[in-house]
Amino acid sequence: MEILPAIDLREGKVVRLFQGDYDKMTVYGLRPLQTALEFKAAGARSLHLVDLDGAKEGKPGNLDTIIEIIKDSGLKVEVGGGIRTEERIATYLEAGAERVILGSMAVKDFGFTAEMARKYGKHIAVGVDARDGLVATDGWLETSRVEAFELCLRLKDVGVQTVIYTDIACDGASSGTNIGAYENLSKIGLSIIASGGISSMEELKKLRDIGVWGAILGKALYTGKLDFRAVISEFGGE
């Protein structure tokens, strides 16, 4: 199972939000590239990178920082947050990103999402962020009427290979993730990356055992609830 430490960016800083609330933000670092290099030194091979300003505003807010991390960290980086045009996808892929994550566009323009999946294949992932079973959009500021599980099925049908699934109620709370949701998702045939609230080795073992491809770790790493070197030692291989 691939382990992806998360760096969420806002105004050039490394931050974490509580359940996606921009008013409940904690700053964990002022030098994002250094944070990425520290994860690499501890054994990381991959990185989950999110432009929170981009997710909220619909346009890049940390472009230079993201490109610097992609080019200088030596990690396999997946990047998301406000990516709504093919031009932006191409910019990140040309910079060396492993995957570009589409989020709100999967709901707002499913046709565009399907087209990008056909064109770029494994380099496109879709972030499905669920609030009470429905897909949230626009940096989690809005909730659609689209059922999260049904969207995953549709994504599989149009050739999307990787879905990053987040239960918003779990995100940033360090109180556990939604194992039941991942049990259902693992049966679809997608490469599922679990995100939101993962805070123990036991949860990681459960996710691995049900066939989840990857796990994103955020607040539990920054607060020391999980020891990253120990996690990599146990789960670091695909």
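This is a short talk on the salt bridges of this structure and on one residue beside them.

First, a caution. The model is predicted.

Let's start with the count. How many salt bridges does the structure hold? Eight. I'll take you through some of them.

Start with Glu78 and Arg99. These two form a salt bridge. Their closest N and O atoms are 2.8 Å apart. Where do the partners sit? Glu78 is in strand E5, residues 76–80. Arg99 is in strand E6, residues 99–102. The two parts are 21 residues apart in sequence, so this pair ties them together.

Now, buried or exposed? Take Glu78. Glu78 is buried, at 1% relative accessible area. Arg99 is buried as well, at 10%. The cut-off for buried is under 20%, so both residues qualify.

Stay with Arg99 for a moment. Which residue outside that pair touches Arg99? Thr162 does. Thr162 lies in strand E10, which covers residues 162–167. Thr162 is buried too, with a relative accessible area of 8%. Set aside its neighbours within four places in sequence. Then Thr162 is in contact with Arg99, Ile124, Ala125, Val126, Ser191 and Ile193. Look at that list on the model. The charged side chain of the salt bridge, Arg99, appears there beside Ile124, Ala125 and Val126, among others.

Next, Arg208. Which residues share a salt-bridge network with Arg208? Asp209 and Glu234. Take the links one by one. Arg208 and Asp209 meet through their side chains, at 3.9 Å from N to O. Glu234 and Arg208 also meet in a salt bridge, at 3.4 Å from N to O. Glu234 belongs to helix H11, residues 228–235, and Arg208 to helix H9, residues 201–209. Those parts are 26 residues apart in sequence, so the pair ties them together.

What about accessibility here? Arg208 is partly exposed, at 31%. Glu234 is partly exposed, at 38%. Asp209 counts as exposed, with 62% relative accessibility. The cut-off for exposed is over 50%, so Asp209 passes it.

Why do such pairs form at all? Because side chains of opposite charge can pair when their charged atoms come close.

To recap. Glu78 and Arg99 are a buried pair that links strands E5 and E6. Arg208, Asp209 and Glu234 make a network, and the Glu234 to Arg208 bridge links helices H11 and H9. That's my tour.

Methods
Residues are numbered from 1 along each chain as its sequence is written. This is a predicted model: local features need pLDDT of at least 70, side-chain atom pairs count only at pLDDT 80 or more; totals for chains, interfaces and linings use all residues. Side-chain values use heavy atoms; hydrogens and water are left out. A salt bridge is a side-chain nitrogen of Lys or Arg within 4 Å of a carboxyl oxygen of Asp or Glu. Helices (H or I, at least four residues) and strands (E, at least two) are DSSP runs, numbered from the N terminus. Buried means under 20% relative accessible area, exposed over 50%, partly exposed in between (1.4 Å probe, protein chains only). Contact means heavy atoms within 4.5 Å.
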